[in-house]
Amino acid sequence: MEIVEDVVIVGAGVAGLTTSLGLHRLGIRSLVLESSDKLRITGFAFTTWSNAWKALDAIGIGESLRCQHHLITSMVIASTFSDKPPSEAPFKGLEVRCLQRRLLLETLAKEVPNGTIRFSSKVVSIDESEGHFKRLHLADGTILKTKVKNPLNSYDWCDGVNSVVAKWLGLQKPAFAGRSAVRGNAHFKSGHGFEPKFKQLVGKVGRLGFLPCDDENVFWFFTWIPATKEEGMEEDPIKLKQFVANELKDASDEMKSIIANTSLECIISSPLRYRKPLELLLWGNISKGNVCVAGDALHPMTPDLGQGACSAMEDGVILARCLGEALLKPGVEDDDEEYKRIEMGLKKYGRERRWRSFDLVTTAFMVGFVLRNDGKMIRYLRDKFLLGFIGGLLLRKAGFDCGKL
């Protein structure tokens, strides 16, 4: 079966649904293909900095999400190696919350028109045809086809770290960062009573961080360099929970209670991957013709800045704006001119996102290197001088403004 569509977005994740809603706000219809049979809420929650809230405001859903999440007032970083008191960086002038992924995706999905998201639609390949056609081959045998003669024709690929289309564009497979991360959500039925602060503890084996989402839910993570004996542990939540608990034997009762109140179905683990920065800066294709990438398909990064999902929201707003400028401008005379406008619009998007993506991926990797390294010199410099600097660095990266639609 062959179906003709206009704007096709692959992946109903943060970047894909933000782009779709942005296009909808501009009066542009899109089809979102999602390989799963429902919205993917893996990861539970993530730190949402000011730059992300500006993006959410741009697509009109910021206020509805603010009222469901606590405002975080500061970041506190401590080290088990240092006698110095924890370093605290107030979030003055910034809006920081821990946003639950389920609530974000459900809000985005409710705001787009019915029928926008097509579930159980896995893209297995893409090819070109005569003229300006592109064909998407789905796992169920369906072929989606588009030609740049209709008012709207483009592809946005937001299909994640293992993107089929990133490969089609010539982007290399993301590299393993040498670390893994456990993520969890602790639920306190009677309320947790924690301060609205983002707390991190740097230890010998790894780094733990946690922050409250609301009165009952606390998101936490633990990153570490896995040893051979820990292979296979990522698929076993019982072993994961015990592993983290063992590493926190000397931690505060507050941190221990968070792990204790995390149910096994609310624990996941995965290796950390990132796109090599020079590929982003120098030779990687962000767009080609009427195809582009966004979100994790563009800039997979380690979580050390907390900017992965935030930058995906930036992508969505900027991509929708660039496509809107190309597609809504009157006076298109023929197919070739329309295709050229779309191509130039995606190139503009690529120019706007290339340096920002390079900056975030590079900085996240370096912050992770400093925080994970247990060499005596790095550890001494980190604990004496760099923890406060790192806190300030995270705040500066959150000052980006993606602009309006």
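Is glutamate 88 buried, partly exposed or exposed? In this predicted model, glutamate 88 has a relative accessible area of 42% and is therefore partly exposed, since that value falls between the 20% under which a residue is buried and the 50% over which it is exposed. Its side chain meets that of lysine 197 in a salt bridge, with 3.1 Å from N to O. The two partners belong to distant parts of the chain, glutamate 88 being in strand S6 and lysine 197 in strand S14 (residues 197-202), 109 residues apart. Lysine 197, at 16% relative accessibility, counts as buried, and its side chain also meets that of glutamate 195 in a salt bridge of 3.8 Å, N to O. Glutamate 195 is partly exposed, because its relative accessibility is 41%.

These bridges belong to a wider set, for a search of the whole structure finds 24 salt bridges. One of them joins the side chains of arginine 275 and glutamate 279 at 3.6 Å, N to O; here arginine 275 is buried at 1% relative accessibility, and glutamate 279 is buried with a relative accessible area of 3%. Elsewhere, Asp57, Glu63, Arg66, Glu95 and Arg97 are linked in a network of salt bridges. Arginine 97 has a further role in the picture, as its charged end sits over the ring of tryptophan 53, 5.6 Å from the ring centre. A comparable arrangement is found for lysine 288, whose charged end sits over the ring of tryptophan 168, 4.9 Å from its centre.

The aromatic rings also meet one another, and nine aromatic pairs are found in a search of the whole structure. In the pair of tryptophan 49 and phenylalanine 91, the ring centres are 5.4 Å apart and the planes stand at 75 degrees, so the pair is edge-to-face. Because tryptophan 49 lies in the loop between S4 and H2 while phenylalanine 91 lies in the loop between strand S6 (87-90) and S7, the pair ties together parts that are 42 residues apart in sequence. Both tryptophan 49 and phenylalanine 91 are buried. Phenylalanine 188 and phenylalanine 194 form another edge-to-face pair, with 5.5 Å from centre to centre and 80 degrees between the planes; each of these two residues, phenylalanine 188 and phenylalanine 194, is buried, and together with Phe210 they form one aromatic cluster.

Turning to the helices, H4 (residues 101-111) has Arg101, Leu103, Leu104, Leu105, Thr107 and Leu108 buried, and the elements that cover the buried residues of H4 include helices H1, H2, H3 and H9 as well as strands S4 and S7. In helix H10 (residues 335-372) lies arginine 356, which is buried because its relative accessible area is 8%; leaving aside residues up to four places away in sequence, arginine 356 touches Asn51, Gln307, Glu314, Lys397 and Phe400. Helix H8 (residues 277-283) holds leucine 278, which at 48% relative accessibility counts as partly exposed. Leu278 forms a nonpolar patch on the surface with Leu282 and Trp283, and the accessible area of the patch is about 360 Å² together.

Seen as a whole, the chain has 11 helices and 19 strands, and buried residues make up 56% of its 405 residues. Of the contacts between residues at least 6 apart in sequence, 75% join residues at least 24 apart. The chain exposes about 17,400 Å², of which carbon and sulfur atoms supply 53%.

Definitions and conventions: Residues numbered from 1 in each chain as written. Predicted model: local features only at pLDDT ≥ 70, side-chain atom pairs only at ≥ 80, totals over all residues. Heavy atoms only, no water. Buried < 20%, exposed > 50% of the residue type's maximum accessible area, 1.4 Å probe, protein only. Helix = DSSP H or I, 4+ residues; strand = E, 2+ residues; numbered from the N terminus. Contact = heavy atoms within 4.5 Å. Patch = residues over 30% accessible without salt bridge, like charges linked within 9 Å, V, L, I, M, F, W, Y side chains within 5 Å. Areas by Shrake-Rupley, 256 points an atom, 1.4 Å probe, with all protein chains shown as cover. Salt bridge = Lys/Arg side-chain N within 4 Å of Asp/Glu carboxyl O. Phe/Tyr/Trp six-rings, centres within 6.5 Å; stacked < 30°, edge-to-face > 60°. Lys NZ or Arg CZ within 6 Å of the ring centre and 35° of its normal.
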